[in-house]
Amino acid sequence: MQEWYRSRALYEAVLKLVNSGKVKEAIEMADGIPDKVIRSKAFSHIAVEVARKGSPYKEALDRAIQAALDIENHEESTKALMSLAFEFLNLGKPDDALHVSRYITDISNRSKVEAEVALTLAKAGKISEAMELINGIMDEDVKTWAMSRLASQL
């Protein structure tokens, strides 16, 4: 239980450091978070905030992906990766969301991210790219849903 409280305290400190622009210090502090789920959330927050500010974020994104993969519980790891992918999709970075989705081993959940990326691409007028992505979706139910949504958007 103490590990969780210590992790939460460090996480709160990481948020404050990132918000005040001290990214390097935030990364160092996040490395010291013992709880892997909370550490993953910290690195995800760092990556999203660095990207949101328009700073180079690839290294921070890679750290966030690795932190999510370090989570031993497969479901928690998948949730962390999906959350990170959707954060980057919401930032208008569909290529990064797709990059994150490649690390999701659960076909259904990876397909959900791919479908949302495809729909975002279609909204941006990139219909052929969206269709190509939808055709590559492995979960047939998600593929059908995405195709239906795409048709209704046109």
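What covers the buried residues of helix H6? Helices H4, H5, H7 and H8 are among the elements that do so. The legends below describe close-up views of a predicted model.

**View A. Helix H6 under its cover.** Helix H6 runs through residues 94–101 and is mostly covered. Six of its eight residues are buried. These are Pro94, Asp96, Ala97, Leu98, Val100 and Ser101. The cover includes helix H4 (58–69) and helix H5 (74–90). It also includes helix H7 (107–123) and helix H8 (127–135).

**View B. Helices H1 and H3 side by side.** The two helices pack with their axes 9 Å apart. The angle between H1 and H3 is about 5 degrees. Angles under 35 degrees count as roughly parallel, so H1 and H3 are roughly parallel to each other. On the H1 side, the contact is made by Trp4, Ser7, Arg8, Tyr11, Val14, Leu15, Val18 and Asn19. On the H3 side, Ile38, Lys41, Ala42, His45, Ile46 and Glu49 take part. An α-helix has 3.6 residues a turn, so residues three or four places apart point the same way.

**View C. Trp4 and a nonpolar surface patch.** Trp4 is found in helix H1, which spans residues 2–19. Trp4 is one of the H1 residues that make the contact with H3. Trp4 also belongs to a nonpolar patch on the surface, together with Met1 and Tyr5. The three residues have about 400 Å² of accessible area together. Is Trp4 buried or partly exposed? Its relative accessible area is 39%. Buried means under 20% and exposed means over 50%, so Trp4 counts as partly exposed.

**View D. Ser44 in helix H3.** Ser44 is found in helix H3, residues 36–52. Its relative accessibility is 13%. The cut-off for buried is under 20%, so Ser44 counts as buried. Which residues is Ser44 in contact with, leaving aside its neighbours within four places in sequence? They are Ala64 and Leu84. Ala64 falls within the range of H4 (58–69), and Leu84 within that of H5 (74–90).

**View E. Thr78 in helix H5.** Thr78 is found in helix H5. Thr78 is buried, with a relative accessible area of 6%. Not counting residues up to four places away in sequence, Thr78 touches Ile104, Asp106 and Asn109. Asn109 lies within the range of H7 (107–123). How far apart are Thr78 and Ser20 in space? They are 30 Å apart, C-alpha to C-alpha. In sequence, Thr78 and Ser20 are 58 residues apart.

Conventions. Residues are numbered from 1 along each chain as its sequence is written. This is a predicted model: local features need pLDDT of at least 70, side-chain atom pairs count only at pLDDT 80 or more; totals for chains, interfaces and linings use all residues. Side-chain values use heavy atoms; hydrogens and water are left out. Patches are made of residues with over 30% relative accessible area and no salt bridge: like charges are joined within 9 Å, nonpolar side chains (Val, Leu, Ile, Met, Phe, Trp, Tyr) within 5 Å. Accessible areas come from the Shrake-Rupley method with a 1.4 Å probe; for residues, only the protein chains shown count as cover. A salt bridge is a side-chain nitrogen of Lys or Arg within 4 Å of a carboxyl oxygen of Asp or Glu. Helices (H or I, at least four residues) and strands (E, at least two) are DSSP runs, numbered from the N terminus. Buried means under 20% relative accessible area, exposed over 50%, partly exposed in between (1.4 Å probe, protein chains only). Contact means heavy atoms within 4.5 Å. Axes are lines fitted to C-alpha atoms, for helices over the stretch in contact, and angles run from 0 to 180 degrees between N-to-C directions. Angles under 35 degrees count as roughly parallel, over 145 as roughly antiparallel, 65 to 115 as roughly perpendicular and the rest as oblique.
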